[in-house]
Amino acid sequence: MKITFCGAAGTTTGSKHLIEVNNTRILLDCGLYQGRRAEAMERNSKFPFDPEKIDCVVLSHAHIDHSGNLPHLTKLGFTGNIYATPATRDLCSIMLPDAAHIHESDIAWLNRHRKRDDLPLLTANYTMIDAEHCLRQFVTLSYERTMLIADGVKLTFIDAGHVLGSAQVILDILDHADNKQKRLLFSGDIGRPGNDLLNDPAPSDKVDFIIMESTYGGRKHELETDSSEHLCKIIREIQQRRSHLIIPAFAVERTQQLLYTFDKLRHENRFGAIPTFVDSPLAVKATEIFRLHVDELKPAAGKALFMRDDPFGFDGLRLIRSVDESKGLNKIKGPAIIISASGMAESGRILHHLRNNITNPENILLFVGYCAENTLGWKH
């Protein structure tokens, strides 16, 4: 068995790990590298292997730094199966076309400037059509079920507790090279225990080889009680100032987690009612997918979705879909919370809200998630 790290080794994005065993080439994840534009474009434009020679892909979860280069892989000749959980497949059905749209828009913007400077024009690595075609190669497998995916290789997904549908990947391998049974665990991204929405990461045992995510390996997370109190303090400050709280947030999981937390704190009377807007079409679609996979949420969270007081539809919450509605948020007066994507402030409607709110010293900009190095969110 041979393992080659093709991404997310020494950095935090672009997850790709190649497993070669029994004359089979299995790719774990196929994510986009995120960082400086020139470096990101260079890394994402080519693969350190021949896509046509990959036999199958095993996808840990739907986040773009783990899934976003799948349309490019299939466009360049990969024709095998893409194994994922059902929720991951459903999230990819909205996230991959969205990423393709952003990529095409970026290339169009660059080409306008390159044309002006008489530079050769660039071509997008993939399109929204390529993203749609890629989805046809998905094969879904639920948690704790086992499937033979290659000669001598069995796949099992267990819950990673990171995002809806996220999985740790277990490969049980009978390696023909030495006729030994081996168990490899690829953690994907691991969630924190005690999440309000998601179950804790599932334990595993008798593992021989581990490929583990370690973004926060050398840090201690803030306690939930501390972060909740900090959030309440900021909201109360916004209410006193009658200003705006702008939150760049990932459309998937982080936005839903924020809404659930806001609803919980409102029930505890930690702060008064405040108009709250989710301005991200992707986040709105993702929230509906959370409803479809209620069985994968914690029992209390799943039960809450079917009660009259829906945490994703509480009083004062508006889900913004159209561009006109989004622009209309420029005119709102008094205290308000605007949650918008992208979480790293690299693209999407959050850029519009930053332009219209960041110059007012009374407003507060709150980052609630990781920002990759050299992204706009990381710089500020």
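In strand β13, Thr-276 and Val-278 point one way, whereas Phe-277 and Asp-279 point the other way. All four are buried. The model described here is a predicted one.

Strand β13 (residues 276-279) belongs to an open sheet of five strands. The order is β14-β13-β15-β12-β16, and the pairing is parallel. The edges are taken by β14 and β16 (364-365). Each has a single partner strand, so one side of each lacks a neighbour in the sheet. Four bridges join β13 to β14 in the parallel sense. Val-278 has Leu-319 of β14 as its bridge partner, and Asp-279 stands opposite Ile-320 of β14. β13 also pairs with β15, again parallel and over four bridges. In this pairing Phe-277 faces Ile-338 of β15.

Helix α7 (residues 254-267) packs on this parallel sheet. The helix touches β12 (244-248), β13, β14 and β15 (336-340). Its direction makes about 155° with that of β15. Phe-262 has contacts with Leu-231, Ile-235, Ile-247, Phe-271, Thr-276, Phe-314, Ile-337 and Ile-339, leaving aside residues up to four places away in sequence.

Phe-262 is also among the residues with the most contacts inside the largest nonpolar core. The others in this group are Leu-70, Leu-73, Phe-138, Leu-245, Ile-247 and Ile-339. The core has 68 residues. Its largest share, eight residues, comes from helix α4 (residues 86-116). Another core, of 21 residues, lies apart from it. Val-58, Leu-141, Leu-155 and Leu-184 are among its members. In soluble globular proteins, nonpolar side chains tend to be buried together.

A further open sheet has five strands in the order β7-β8-β9-β10-β11. Here the pairing is mixed. β7 (146-150) and β11 (209-211) are the edge strands, each pairing on one side only. Neighbouring strands of the sheet are turned by 25° against each other on average, direction ignored. β7 and strand β8 (residues 153-159) run antiparallel and are joined by four bridges. Met-147 has Leu-155 of β8 as its bridge partner. Leu-155 is also one of the residues of the 21-residue core. The two strands β7 and β8 form a hairpin with two residues between them. Gly-152, in the turn, has a positive phi of about 75°. Strand β9 (residues 167-175) pairs with strand β10 (residues 180-186) in the antiparallel sense over seven bridges. Ile-173 stands opposite Lys-182 of β10.

Two aromatic pairs occur in the structure. In one of them, the ring centres of Phe-290 and Phe-312 are 6.3 Å apart. The planes stand at 90°, so this pair is edge-to-face. Phe-290 lies in helix α8 (residues 281-292), and Phe-312 lies in the loop between α9 (299-305) and β14 (317-320). The pair therefore ties together parts that are 22 residues apart in sequence. Phe-290 and Phe-312 are both buried. A ring is also involved in a contact with a charge: the charged end of Arg-43 sits over the ring of Tyr-33, 4.1 Å from its centre.

Some backbone geometry stands out. Most residues other than glycine have a negative phi, and most peptide bonds are trans. Lys-206 has a positive phi of about 55° although it is not a glycine. Lys-206 is found in the loop between β10 and β11. At 73% relative accessibility, Lys-206 counts as exposed, since the cut-off for exposed is over 50%. Glu-253 also has a positive phi, near 80°. Glu-253 is placed in the loop between β12 and α7. With a relative accessible area of 6%, Glu-253 is buried; the limit for buried is under 20%. The peptide bond from Ala-341 to Ser-342 is cis, with omega near 15°. Ser-342 is found in the loop between β15 and α11 (350-357).

Methods:
Residues are numbered from 1 along each chain as its sequence is written. This is a predicted model: local features need pLDDT of at least 70, side-chain atom pairs count only at pLDDT 80 or more; totals for chains, interfaces and linings use all residues. Side-chain values use heavy atoms; hydrogens and water are left out. Two strands pair if DSSP finds at least two bridges between them. Axes are lines fitted to C-alpha atoms, for helices over the stretch in contact, and angles run from 0 to 180 degrees between N-to-C directions. A nonpolar core is a set of buried Ala, Val, Leu, Ile, Met, Phe, Trp, Tyr and Cys residues joined through side-chain atoms within 4.5 Å. Buried means under 20% relative accessible area, exposed over 50%, partly exposed in between (1.4 Å probe, protein chains only). Contact means heavy atoms within 4.5 Å. Rings of Phe, Tyr and Trp (its six-membered ring) pair if their centres lie within 6.5 Å; planes under 30 degrees apart count as stacked, over 60 as edge-to-face and the rest as tilted. A charge sits over a ring if NZ of Lys or CZ of Arg is within 6 Å of the ring centre and within 35 degrees of the ring normal.
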